[in-house]
Amino acid sequence: MSHIWKANKSGLHAAAQRLAGGHLLGVPTETVYGLAADATNENAVAAIYETKGRPRFNPLIVHVRAVEDADRLAHLTPGAKKLMDAFWPGPLTLVLAKRPDAEIAQLVSAGLDTLALRSPAHPVAQALLDAFGRPFVAPSANRSGRMSPTCADHVIEEFGDRVPVLDGGPCTAGVESTIVAVGPEHAAILRPGPITAGQIEAILGHPLSQPTKGIQAPGMMTSHYAPNAPLRLNATSVKDTERWLGFGGTKGADLDLSPSGNLTEAAAHLFAYLRRLDATPGPIAVAPIPHEGLGIAINDRLTRAAAPREAPRK
Ligand code: TXA
Ligand code: MG
């Protein structure tokens, strides 16, 4: 049997059974593909850390069907409720105080007393949540530190035949969800993503704060999302040895994230194009990307992909 499963009735049934059996599964979401496991099964969650080579201090996002399911796991602040009403299902993760009696594996939150929660908009992810009947955790389905997968083939590139993937086609957003910590008085973005700061402030009705030391996303290491090839950013010309990733019609580019200069299209192509350029030898130069709207999330990922490959910061 192929390791890429069709997301039809029998595929979804097999997928739900696989999760219920404590096994891992590649799952499509609108942002990137996730490596899913039963969020209530301690051994299954442990297998995620092992399979990804993920540091144990880096907690996981719990994927739920809807607000009611989130309410059983965490204390929803008024600000969080507003954001859920506005953006769920969708590419927004909320970090909230975990309920002491939450039915969730201990390893999910990596020792923190908060939980990161998101309701994915992808119809296949929603159908799987329905069929499975419980929340699943899903970090991006890549080996730790590497580029996130945005189609089923990328997941196979990462884990080979160890993890089957439910096929949901290419991801539409292409960068991971925006993560927001919402306390009683202020809210802060821990990871920029498809939902922008402006959109969040418009719903909350007040400006966002800077993240305080205690509530950063432990996974935001300096080096992350990295191809094997070295990356050079804001390149307005290229050297002979370099391949050029363009934006907005860059003349002479090997690939262009969006010839028309559309940031949504550029985000959707980002990881797939980096993977394609990484498949041929030599460094990669990337054209400047405007630092506005979705460009903030794209530049965040590119900066980390270009960072020196040191050990993760604790
Ligand atoms: O779009 C997404 O969010 C994708 C798809 C698959 O849903 N998932 C994803 O997961 O990007 P992952 O594990 O690659 O990134 C999760 C990030 C990490 O930086 C982690 O540190 C942070 O979320 N995180 C998880 N729980 C947290 C918590 N309780 N407090 C602060 N940060 C948290
Ligand atoms: Mg990731």
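**Exercise 1.** Which element gives the most to the shell around ligand 1, and with how many residues?

*Solution.* The model is predicted.
Step 1. List the elements that give two or more residues to the shell around ligand 1: these are β4 (61-63), β6 (114-118) and β10 (187-191).
Step 2. Select the main contributor: β6 gives the most, with three residues.
Step 3. Classify the shell residues: 13 are nonpolar, 10 are polar and four are charged.

**Exercise 2.** Identify the residues that come nearest to ligand 1, and state which side chains place a polar atom beside the ligand.

*Solution.* Step 1. Apply the cut-off: a residue counts as near if one of its heavy atoms lies within 4 Å of the ligand. There are 27 residues around ligand 1, of which Thr31, Asn58, His63, Ser177 and Gly219 come nearest.
Step 2. Examine the oxygen atoms of the ligand. A polar side-chain atom of Ser177 is found 2.6 Å from one oxygen atom of ligand 1, and a polar side-chain atom of Ser140 is 3.0 Å from an oxygen atom of ligand 1.
Step 3. Examine nitrogen. An N or O atom in the side chain of Thr114 lies 3.0 Å from a nitrogen atom of ligand 1.

**Exercise 3.** How much of the area that ligand 1 exposes when taken alone does the protein bury, and which pocket does the ligand take up?

*Solution.* Step 1. Begin with the polar contacts, among them the one at 2.6 Å between Ser177 and an oxygen atom of ligand 1.
Step 2. Turn to area: taken alone, ligand 1 exposes 680 Å², and the protein buries 97% of that.
Step 3. Locate the space: ligand 1 occupies the largest pocket.

**Exercise 4.** Which parts of the chain does the salt bridge between Arg134 and Asp38 tie together?

*Solution.* Step 1. Recall the principle: side chains of opposite charge can pair when their charged atoms come close.
Step 2. Count the pairs: the structure holds 15 salt bridges. One of them joins the side chains of Arg134 and Asp38, with 3.0 Å from N to O.
Step 3. Place both residues. Arg134 belongs to the loop between α5 (123-132) and β7 (136-137), and Asp38 to strand β3 (residues 34-38), so the pair ties together parts that are 96 residues apart in sequence.

**Exercise 5.** Where is the cis peptide bond that leads from Trp88, and which alanine has a positive phi?

*Solution.* Step 1. State the expectation: most residues other than glycine have a negative phi, and most peptide bonds are trans.
Step 2. Consider omega: the bond from Trp88 to Pro89 is cis, with omega near -10°. Pro89 lies in the loop between α4 (78-87) and β5 (92-97).
Step 3. Consider phi: Ala110, although not a glycine, has a positive phi of about 50°. Ala110 is in the loop between β5 and β6.

Terms used: Residues are numbered from 1 along each chain as its sequence is written. Chains are lettered from A and ligands numbered from 1 in the order in which they are written. This is a predicted model: local features need pLDDT of at least 70, side-chain atom pairs count only at pLDDT 80 or more; totals for chains, interfaces and linings use all residues. Side-chain values use heavy atoms; hydrogens and water are left out. A polar contact is a pair of N or O atoms within 3.5 Å; within protein, one must be able to donate a hydrogen and the other to accept it, and residues adjacent in sequence count only if both atoms are side-chain atoms. Accessible areas come from the Shrake-Rupley method with a 1.4 Å probe; for residues, only the protein chains shown count as cover. Helices (H or I, at least four residues) and strands (E, at least two) are DSSP runs, numbered from the N terminus. Ala, Val, Leu, Ile, Met, Phe, Trp, Tyr, Cys and Pro count as nonpolar, Asp, Glu, Lys and Arg as charged, and the others, Gly among them, as polar. A salt bridge is a side-chain nitrogen of Lys or Arg within 4 Å of a carboxyl oxygen of Asp or Glu.
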